[in-house]
Amino acid sequence: MDFKKLDTVNWGMIGTGDVTEVKSGPAFYKIQNSKLVAVMARTLDRVKDYARRHDVSTYYTDAKQLIDDPQVNAIYVATPPSTHMEYAIRAMRAGKPVYVEKPMAMSVKECEEMNTISEQTGIPLFVAFYRRGMEYFNQLKQLLSEGKIGTILTVDTKIVQAPFASDLDPQKHSWRINRNIGGEGYFVDLAPHTFDILDYLLGEIVTAGGNAINIAGNYAVADTVVASWKFKSGVLGTGLWTFSSTQSAESDTVIITGTRGTISFSTFKLTPIEVRTDTGVEMFDFDRPQHIQMGLIQTIVDELTGKGASPSTGISGLRTAKVMEQILG
């Protein structure tokens, strides 16, 4: 079945958490040919307040009512991962394209099921790996394609964070460290961003493995992960993630090594890109977008209105899910 292109994308948003306040939500009503027409949260006071502050005319406390709303023709799923598959499949079966937050779902099996429904219904499925739509990472892609550091050999990533205050109090633990809602903790919340952008920059990862352990004992899920992987091109990768260190040791670095030099950047802090070769060091910096998902959402609106194509789909999201599952075992 072919999806009929839209004149205007009228979004319905399920979930009104922190990510929707600045990172994503306003983009839906600031982009041309895009509107945010309805929002849903389980708590009435919360959803009314969000709708008022973002000037959204319609709000619900029931996801089914939002999905069935005839004025809504596309769905943004901004809930924790445990409900991504359920809401995405409901929306696609209702004939409405879906933009789902990352991680795409709780398992490879769930991601595959979402893609199967997308294929069967002909309804597009997109995943919020929004770095694919940012100038910062597209500059990286250009530098690599130009052969700025020669033939790529390896990539190494390192994320070191101190625990949040809430991590130290079981009564205040976030859903992100609840295995039944968020998966295997902060690794599952953050590492997919790095793996997805490496997929975008360097191609598909075909094999991966690793070890995950809880060392500090602040919560039940893993707080430290090490991994290695191989790209289809033959490039090798290594990574370290730990979320129980100290602020003075915090790190957010990715280093790509080639036959003529290195490119260093960060996944989250967006520090200036550094290109280091025998001829010297070049730095590339960019303005940080106010709404960090806006670039990717623009590509989705463009695809749904027949003006382009988005680089972050259920197919690319599945590849990252497979890498994560191989590492965690």
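In this predicted model, a convenient place to start is the antiparallel pairing of strand E7 (residues 152-160) with strand E11 (residues 251-258), which runs over eight bridges. Within this pairing, Val-155 has Ile-256 of E11 as its bridge partner. Strand E11 also pairs with strand E12 (residues 261-265), again in the antiparallel sense, here over five bridges. In that second pairing, Val-254 is found opposite Phe-265 of E12. The connection from E11 to E12 is a hairpin of two residues. E11 thus pairs with E7 and with E12. For readers tracing these strands in the structure, it may help to recall that side chains in a regular strand alternate between the two faces of the sheet.

Stepping back to the whole protein chain, 11 helices and 14 strands are found. The chain has a radius of gyration of 20 Å, close to the 20 Å given by the globule rule for 329 residues, so it is as compact as a globular protein of that length. Taken along the principal axes, the box filled by the C-alpha atoms is roughly 60 × 50 × 35 Å. Of the 329 residues, 53% are buried. Among contacts with a separation of 6 or more, 67% are made by residues 24 or more positions apart.

The surface and the charges complete this overview. The accessible surface of the protein chain amounts to about 14800 Å², and carbon and sulfur atoms account for 49% of that area. The chain carries 33 positive and 37 negative side chains, with the centres of the two sets 2 Å apart.

A closer look at one residue, Thr-224, adds local detail. Thr-224 is part of strand E9, which spans residues 224-231. Its relative accessible area is 14%, and because buried means under 20%, Thr-224 counts as buried. Leaving aside residues up to four places away in sequence, Thr-224 touches Asn-211, Ala-212, Ile-213 and Ile-215, together with Trp-241 and Thr-242. Leu-198, by comparison, is 26 residues from Thr-224 in sequence, and the C-alpha atoms of the two residues are 21 Å apart in space.

Technical notes. Residues numbered from 1 in each chain as written. Predicted model: local features only at pLDDT ≥ 70, side-chain atom pairs only at ≥ 80, totals over all residues. Heavy atoms only, no water. Pairing = 2+ DSSP bridges. Helix = DSSP H or I, 4+ residues; strand = E, 2+ residues; numbered from the N terminus. Rg over C-alpha atoms; globule rule 2.2 N^0.38 Å. Buried < 20%, exposed > 50% of the residue type's maximum accessible area, 1.4 Å probe, protein only. Contact = heavy atoms within 4.5 Å. Areas by Shrake-Rupley, 256 points an atom, 1.4 Å probe, with all protein chains shown as cover. Lys, Arg positive; Asp, Glu negative; His and termini not counted. Charge placed at Lys NZ, Arg CZ, Asp CG, Glu CD.
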